[in-house]
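Here is a short tour of a two-chain model, written for someone who likes to check things in a viewer. Load it up and follow along.

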Amino acid sequence: MFNEMEYFKPKTIEEIFDILDSNEGESALFAGGTDLFVEMRHKTRKPDYVIDVKGIKEFSKLEEREEGLFIGGNVTCNQIIESELVNKDYKVLADAAIEVAAHQVRNRATVVGNLCTTSPGADMFPSLLVLKTTVLVESKNGSREIPLDEFATGVKRNALKENEVVKGLIVQKHASDGRGAYLKKRRTKGADLSAIGVAGYLSEEEEYLAFGLGAVAPTPVYLDVSDIFFGEGSYEEKEEKILKKVVDNINPIDDVRSTKKYRIKMSQVYARRILSKLWEAGDK
Amino acid sequence: MKTINLTVNGRNFELDVKDNEILLDTLRKRLNFTGAKEGCGEGECGACTVIMDGRAVTSCIILTVEADGSEIETIEGQSIGEEISDIQEAFIEENAIQCGFCTPGMVMSAKALLDRNPNPSDEDIDIALSGNICRCTGYYSIRDAVKRAAEKKGGNK
């Protein structure tokens, strides 16, 4: 049983701030609630009131805009997996979304919620990082934008200030030759958190190659290795330099899901596999 | 306390619910739909799976107030009197049940899948049932049961 609390379901963003202003104690915003309600079950969170953002229409949008793909705060992982638009131009997001928890949870769990929980191993981070994503934040004082690589500030900590709300995300659209991949290592099939998650994205047209790595540092790691890959040298030399850079930029720990040693090794294995897959896909 | 309207298996209920009430508890303890089970209580085992507005969800991590205006389907709605559904029949024919604790959730996940996709591949079935854990380990027979149910419904031919 959850602690006693009050439930609000605002219809507009402004209403959220009115609720926050007129109530005292700890608040919790949620859309899917798949993280919040588990924490409430464990009594690690006992909010005095919860705000369900599913009533806000703007948050439910998943659409192409001039700046890129808009993913509203209510868009679930399964909506990402099923979206034709995502599968056409942002497929690496669907590749990551299908790795989040299991099917029923993905019917509720949102992409924005995955980011806001800010677990080091959050599956949506690596793919959104390599595509270059901006977090759209609203508060009573106005709007601001946070680049995703500056959003996570620690384990389950992020750059959001008190009473700020994430409206959605803008994911940059890339050149038509761009392609990505996401690989996740976990202990069992089904609902397990990642022991390591690696995303990569390559576009020759943009001369862009980047990797995103989850569960290998307190916050997800973004690595732009375009200068190495589009610089001088053979494929093998570049690959070696990239894998060295991967290891130099991660700082994994030992925990129940994996050892530090295995995470370092698998980061390289996955980065190598992704690089070779993306490179070969360009030859065709 | 809030007053909500809920449709369960086609029947409408008007209920006064506490803000912190959990959907699974409302279904089991107040409305007597005890088919959905509480396993892990964290949305990981799938024993509490019901269909909410056409989507399979884990009712142990949903507030009842969130379901205001929703249509819920539970295992109880799958049979009419002694007459069971194609999916239930297929589970029996394929011996896809051992202790039965996970079965209501498995059947509801299978129904949500077949309602959206009458011709599922093995991979589609595995994905749709990935959140339903069976401790008796009958996964192959469960997959076969979903395929058989699809055939009974006219798909997978």
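## Met106(B) and its surroundings

Once you skip the neighbours within four places in sequence, Met106(B) is in contact with Leu129(B), Asn132(B) and Ile142(B). Keep in mind that this is a predicted model. Met106(B) sits in helix 3 of chain B, and it counts as buried because 28 other C-beta atoms lie within 10 Å, where 20 or more is the cut-off. Its partner Ile142(B) is 36 residues away along the chain, yet the two C-alpha atoms are separated by 8.2 Å.

## Helix 5 of chain B

Ile142(B) takes us to helix 5 of chain B, where it is one of the buried residues; the others are Ala145(B), Val146(B), Arg148(B), Ala149(B) and Ala150(B). What covers them? Helix 2 (86–93), helix 3 and helix 4 of chain B are included in that cover.

The length of helix 5 (residues 139–152) works out nicely too: its 14 residues should span 20 Å at 1.5 Å a residue, and the end C-alpha atoms are indeed 20 Å apart. After helix 5 of chain B comes Gly154(B), with a positive phi near 100°.

## The sheet in chain B

Chain B also has an open sheet of five strands, in the order 2-1-5-3-4 and with mixed pairing. Which strands stand at the edges? They are strand 2 (11–17) and strand 4 (55–58) of chain B; each has a single partner strand, so one side of each is left without a neighbour in the sheet. On average, neighbouring strands of this sheet are turned by 40° against each other, ignoring direction.

Strand 1 (residues 2–8) of chain B runs antiparallel to strand 2 of chain B, and seven bridges join them. Look for Ile4(B), whose bridge partner in strand 2 of chain B is Leu15(B). Helix 3 (residues 103–116) of chain B, the one with Met106(B), packs on the sheet and touches strand 3 (49–52), strand 4 and strand 5 (71–73) of chain B. The direction of helix 3 makes about 30° with that of strand 3 of chain B.

## Where the chains meet

At the interface, 24 residues of chain B are in contact with 21 residues of chain A. On the chain B side, the elements giving two or more residues are strand 4 and helix 4 (122–128). The largest share, four residues, comes from strand 4 of chain B, which is also an edge strand of the sheet. Sorted by class, this side of chain B has ten nonpolar, nine polar and five charged residues.

## Chain A as a whole

Chain A has eleven helices and 14 strands. A compact globule of 284 residues would have a radius of gyration near 19 Å, and chain A agrees with its 19 Å. Along the principal axes, the C-alpha atoms of chain A fill a box of roughly 65 × 45 × 30 Å.

Buried residues account for 43% of the 284 residues in chain A. If you take contacts in chain A between residues at least 6 apart in sequence, 62% of them join residues at least 24 apart.

## Two positive phi values

Most residues other than glycine have a negative phi, which makes a couple of loop residues worth a click. Thr118(A) is not a glycine but has a positive phi of about 55°. Thr118(A) is placed in the loop between helix 7 (111–117) and helix 8 (124–131) of chain A.

Over in chain B, Asp53(B) also has a positive phi, near 50°, and lies in the loop between strand 3 and strand 4 of chain B. Buried or partly exposed? Thr118(A) counts as buried, with 21 C-beta neighbours inside 10 Å, whereas Asp53(B) is partly exposed, with 13 other C-beta atoms within 10 Å.

How values were computed. Residues numbered from 1 in each chain as written. Chains lettered and ligands numbered in written order. Predicted model: local features only at pLDDT ≥ 70, side-chain atom pairs only at ≥ 80, totals over all residues. Pairing = 2+ DSSP bridges. Axes fitted to C-alpha atoms, helices over the stretch in contact; angles between N-to-C directions. Contact = placed C-beta atoms within 7 Å. Nonpolar A, V, L, I, M, F, W, Y, C, P; charged D, E, K, R; others polar. Buried ≥ 20, exposed ≤ 12 C-beta atoms within 10 Å, placed from the backbone. Expected span 1.5 Å × (residues − 1). Rg over C-alpha atoms; globule rule 2.2 N^0.38 Å.
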